[in-house]
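Here are a few short exercises to work through with the model open beside you. Try each one before reading its solution.

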Amino acid sequence: MPIFHKISLRPEVENYLKQSFMNEEVVSASSKQEAERRFEALLIHLAHPPSFTTVRVNTHLASVEHVRGLLLNELEKFSGSSVPVLQHPALPDVLLIPVTGPRRNIEKQQCEVIVGAQCGNAVLRGAHVYVPGIVSASKFMKAGDVISVYSDIKGKCKKGAKEFDGTKVFLGNGVSELSRKDIFNGIPDLKGIGIRMTEPIYLSPSFDNVLPSYLFLQNLPSAVVAHVLNPQPGEKILDLCAAPGGKTTHIAALMQDQGEVIALDKILNKVEKLKQNASLLGLHSIRAFCFDATKAVKLDMIDGTEGTPPFLPESFDRILLDAPCSGMGQRPNMACTWTLKEVTSYQPLQRKLLNVAVQLLKPGGVLVYSTCTVTLAENEEQVAWALKTFPCLQLQPQEPQIGGEGMVGAGLSPEQLKQLQRFDPSVVPLQDMDTDCLGDAKREDMIWLANKDCIGFFIAKFLKCKSTEEKVSRK
């Protein structure tokens, strides 16, 4: 039984999503009642965290077995008992840790802290509460007090308030590291832990500073993407929208750090973070640039700086376009305040970026397109548009195939839909997980659940069959 309500959306956004998930083809393939049930289940799943925490091992520096042993030791310190760590059979560099919860019998405290929605989402996935995320604290809160933590899911609480009676969702209890006065004394760079979570509703290990050179916290479908791209040592790879670098560093590790991985992002501090991640993971094949990917094609042959953006057409062996998107597959997310205009604003940008990717890809090269959203317009409709706009592209089967097939309604054939991967958490009921059921669970059942109960995500893989020079629009 769900512990939270379904994700809170503006009515026009919910109706927009409902139209996609209950389009004529979906309804005729099942029934109106079944389509509606699945859509409501999706909205509930989006408000809850996935059943597993997924970490990717940096195989460039250590073996999976070695890191798994180190991780088991760290988790025993965290929980005081043995926690299963499963190696994924189809993703050998991925480890899965089950999330325990929801725990329904936690006693609420008189002293309260209200955190912002983004901070609240992080707490549900194992994070402690950092000072910048704290919006409000009870009047007499002192360091060392046991505190109940709530998420202000609709963003209505005023910074520094002493109490809040608006919509708030209980996340669990913790111990305050600081007093109210310390938190709201106007020091702008106070950034450490404000509340150390001791009784979270969902018990998931905090990976703050845990084996930072060996592990990268990553959602399961995100870890599938680089395997689908299948980069080879010595190749020249482009990650068009790369920050924060999870997929970029994964690509470099799969290439054994041999070759060249060019990473672009237009936000400078994200590029700096990506460089830090690459350095921490010991990867030297990555070159990151602060650059607008929509302008990444060099439009003339005048000599410029070799090896920096923009690039000459058809100069990359493989390209990943993990496109900016509405993010409507992210979990947990209890409330999204976006307008319909904001949710639907990404399709034109994604098409610009696809145009750039096709131009920069060598004939015979591979393009992987992915998003962390569930909308038809940003996923299957973009695939249909790309196949129509660029006759040089062919859809390819994916390996590994862990997600379900694509959703009907965008005009793609059944064969084409089978070549896509759509991760839709509504295909399984929400799970209550406790230590007893973990002890009884079969390994294969847990892997199956991890594959299904993850974030909403989409992957398409294309092969460029022939050159597009002089034929692709360069608008």
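**Exercise 1.** Which residue forms a salt bridge with Glu65, and how many Å apart are the closest N and O atoms?

*Solution.* A word before starting: this is a predicted model. Step one is to find the partner of Glu65, which is Arg68, with the closest N and O atoms 3.7 Å apart. That value passes the test, because a salt bridge needs the side-chain nitrogen within 4 Å of the carboxyl oxygen. Step two is to place the pair: both residues sit in helix H4 (residues 64-79), three residues apart, so about one helical turn separates them. Here a general rule helps: an α-helix has 3.6 residues a turn, so residues three or four places apart point the same way. Step three is exposure, and Arg68 is partly exposed at a relative accessible area of 24%.

**Exercise 2.** Which parts of the chain does the salt bridge between Arg196 and Glu177 tie together?

*Solution.* Begin with the distance: the closest N and O atoms of Arg196 and Glu177 are 3.4 Å apart. Next, locate each end. Arg196 belongs to strand E9, while Glu177 is in the loop between strand E8 (169-176) and helix H6 (180-183), so the bridge links parts that are 19 residues apart in sequence. Finally, check accessibility: Arg196 is partly exposed at 35%, and Glu177 is partly exposed with a relative accessible area of 35%.

**Exercise 3.** Is Lys247 buried or exposed, and which residue is its salt-bridge partner?

*Solution.* Lys247 has a relative accessibility of 12% and therefore counts as buried, since the cut-off is under 20%. The partner is Asp322, with the closest N and O atoms 3.0 Å apart. Lys247 lies in helix H8 and Asp322 in strand E14 (residues 316-322), so this pair connects parts 75 residues apart in sequence. Asp322 is buried too, at 17%. Now look at the helix around Lys247: eight of the nine residues of H8 are buried, so the rest of the structure largely encloses this helix. Among the buried ones are Gly246, Thr248 and His250. Just after H8, Gln256 takes a positive phi of about 55°.

**Exercise 4.** Where do the cis peptide bonds at Pro102 and Pro244 fall?

*Solution.* Recall first that most peptide bonds are trans. A cis bond joins Gly101 and Pro102, with omega about 0°, and Pro102 is in the loop between strand E3 (94-98) and strand E4 (112-116). Another cis bond joins Ala243 and Pro244, with omega about 5°. Pro244 is found in the loop between strand E11 (236-239) and helix H8 (246-254).

**Exercise 5.** How many salt bridges cross the interface of domain 1 and domain 2, and how many residue pairs are in polar contact there?

*Solution.* Set the scene with the domain assignment, which gives domain 1 (112-200) and domain 2 (215-464). Their C-alpha centres lie 34 Å apart. Six residues of domain 1 are in contact with seven residues of domain 2. Together the domains bury about 620 Å², 63% of it on carbon and sulfur atoms. Asn121, Arg125 and Ile153 supply 69% of the area that domain 1 buries against domain 2, more than any other three residues. Now the count: zero salt bridges cross this interface, but three residue pairs are in polar contact. On the side of domain 1 that touches domain 2, the residues divide into four nonpolar, one polar and one charged.

Key
Residues are numbered from 1 along each chain as its sequence is written. This is a predicted model: local features need pLDDT of at least 70, side-chain atom pairs count only at pLDDT 80 or more; totals for chains, interfaces and linings use all residues. Side-chain values use heavy atoms; hydrogens and water are left out. Domain bounds come from an automatic or database domain assignment. Contact means heavy atoms within 4.5 Å. Buried area is the accessible area (1.4 Å probe) that two parts lose on being put together, summed over both. A polar contact is a pair of N or O atoms within 3.5 Å; within protein, one must be able to donate a hydrogen and the other to accept it, and residues adjacent in sequence count only if both atoms are side-chain atoms. Ala, Val, Leu, Ile, Met, Phe, Trp, Tyr, Cys and Pro count as nonpolar, Asp, Glu, Lys and Arg as charged, and the others, Gly among them, as polar. Helices (H or I, at least four residues) and strands (E, at least two) are DSSP runs, numbered from the N terminus. Buried means under 20% relative accessible area, exposed over 50%, partly exposed in between (1.4 Å probe, protein chains only).
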